[in-house]
Amino acid sequence: MVRLDEGRLLGALDALAGIGAIDGGGCARLALSDEDKAGRDLVVDWMKALGLAVQVDAIGNVIGLRAGRETVAPVMTGSHIDTVRTGGRYDGNYGVLAGLEVVRALNAAGITTRRPIAVAFFTNEEGARFQPDMMGSLVYAGGLGLNEAYAAADKDGRSVGDELRRIGYLGAARPGAVRPHAFVELHIEQGPILDEEKVQVGVVESVQGISWTEYTVTGVSNHAGTTPMRLRRDAGYLAASVNLFARRLAWEMGGNQVATVGALSLRPNLINVVPNRAVFTVDLRNTDEEKLKQAEAAVAAHIAEVSREERVEVESKVLARFEPVIFDAALVDRVEHHARALSLSTRRMPSGAGHDAQMMQRLCPTAMIFVPSVAGLSHNVKEHTDAADLAAGAQVLLNLMVELAEAS
Ligand SMILES: [Zn+2]
């Protein structure tokens, strides 16, 4: 068996985490920012040093290709290196850097696999600056046009197209031009299950569907002391009621339904003024598409009812909508096999978060490997995975990649 070098993996994670480092050990490398550019440049340098042929596509996805004995479709791994503003050092970065360590291990062992091996990082997975999230892999899989992606703008009005050009990652390759034989993404769980159950490897069978909607509510501002309750047209009241409703709805639906009002702003946002405007978001997720639709309909009905009672106007805008994804059953079995062959404990599970792998499943058989997140913390500077778990997951990835790259 080819052995993965744990020390090198940890060193690479440390070095990348030094770019855009923030207090507490985390990272802020928002997509297409100067920090993202610096992170990209470092990883591209590493790819070149490993002898990979690097190509950048028109949405800024970067693919490093290691030639195989035959010129056939490569086995691909990868993830993302952009982060949220209060990101940890493992989310996404771990999968990309473990991919590079797979290549390093094969180089050191002098092995050329039958199929080429590709290591990719995709643009704007997080969606923290530009929506939709998973943008690069979505474009790669043909689910979003380039012009639509280019037009997406951040809150300061800067567009994806302009920012790609500014940081020098508007590449020439056509997204999706390298069509993989299979895709495997290694990622931290970002949830508490593996840590709680003391399981070493999560065998990911599916990804929850995601529904993101932004609502803008218009009411009437008035004096908080003199306006009788029956005459109020309070935009903030609607926002608050949706937050409560979403929480109750998720409890009542049970299963893995989750619901979050994560962003909320009021205007004028003053203690003694009835708000005339509220902007808030609703994030709904479920592994079952029918249930996700039920949840969407329930929230919409609640908003219609309360907005009528409160006499406020509501506009909605869908920010992202992805159906649940079921990964390739045979490939999922191989993840489990390789983890068990290394005497690691495993558990089958859905992914609660969205991942680039869910887009790649549109193109080729795809699976994911999860490792534990201590206390389930992610999108948090305290995000942590023990070194032994990081090494174990990367070794599973290496063994699976070698098998896939040798198979016919
Ligand atoms: Zn991620």
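**Figure 1. Coordination of the zinc ion in the predicted model****.** In this predicted model, three residues coordinate the zinc ion: His80 and His187, each through NE2, and Asp91 through OD. The coordination distances run from 2.0 to 2.2 Å. Along the sequence, the donor residues follow the spacing H-x10-D-x95-H. Asp91 is situated in the loop between strand S5 (75–79) and helix H3 (93–109), and His187 belongs to strand S7 (residues 182–188), so the pair ties together parts that are 96 residues apart in sequence. Asp91 is buried, its relative accessible area being 4%. His187 is likewise buried, at 1% relative accessibility.

**Figure 2. The largest nonpolar core and a separate core****.** The largest nonpolar core comprises 95 residues, and Val43, Met76 and Tyr94 have the most contacts inside it. Helix H12 (residues 387–406) contributes the largest share of this core, namely ten residues. When residues up to four places away in sequence are not counted, Val43 touches Leu16, Ile81, Val96, Leu97, Leu100 and Phe121. Another core, of 22 residues, lies apart from the largest one; Leu249, Ala259, Val261 and Val282 are among its members.

**Figure 3. The salt bridge between Glu406 and Arg69****.** Side chains of opposite charge can pair when their charged atoms come close. The whole structure holds 24 salt bridges, and one of them joins Glu406 to Arg69, with an N to O distance of 3.0 Å. Glu406 is part of helix H12, whereas Arg69 occupies the loop between strand S4 (62–66) and S5; the pair therefore ties together parts that are 337 residues apart in sequence. Glu406 is partly exposed, with a relative accessibility of 32%.

**Figure 4. The salt bridge between Asp154 and Arg129, and the network around the pair****.** The closest N and O atoms of Asp154 and Arg129 are 2.9 Å apart in this salt bridge. Asp154 lies in the loop between helix H5 (146–151) and helix H6 (160–166), and Arg129 in the loop between strand S6 (117–121) and helix H4 (135–140); the two residues are 25 residues apart and link distant parts of the chain. Both Asp154 and Arg129 are buried. Through salt bridges that share partners, Asp154 and Arg129 belong to one network with Asp34, Asp156, Arg158, Glu163 and Arg166.

**Figure 5. A salt bridge within helix H10****.** Glu336 and Arg340 form a salt bridge in which the closest N and O atoms are 3.6 Å apart. The two residues are separated by about one helical turn, because they stand four residues apart in helix H10 (residues 329–341). Glu336 is buried, at 13% relative accessibility.

Terms used. Residues numbered from 1 in each chain as written. Predicted model: local features only at pLDDT ≥ 70, side-chain atom pairs only at ≥ 80, totals over all residues. Heavy atoms only, no water. Donors = N, O, S within 2.8 Å, 3.2 Å for Na, K, Ca; no water. Buried < 20%, exposed > 50% of the residue type's maximum accessible area, 1.4 Å probe, protein only. Core = buried A, V, L, I, M, F, W, Y, C linked by side-chain atoms within 4.5 Å. Contact = heavy atoms within 4.5 Å. Salt bridge = Lys/Arg side-chain N within 4 Å of Asp/Glu carboxyl O.
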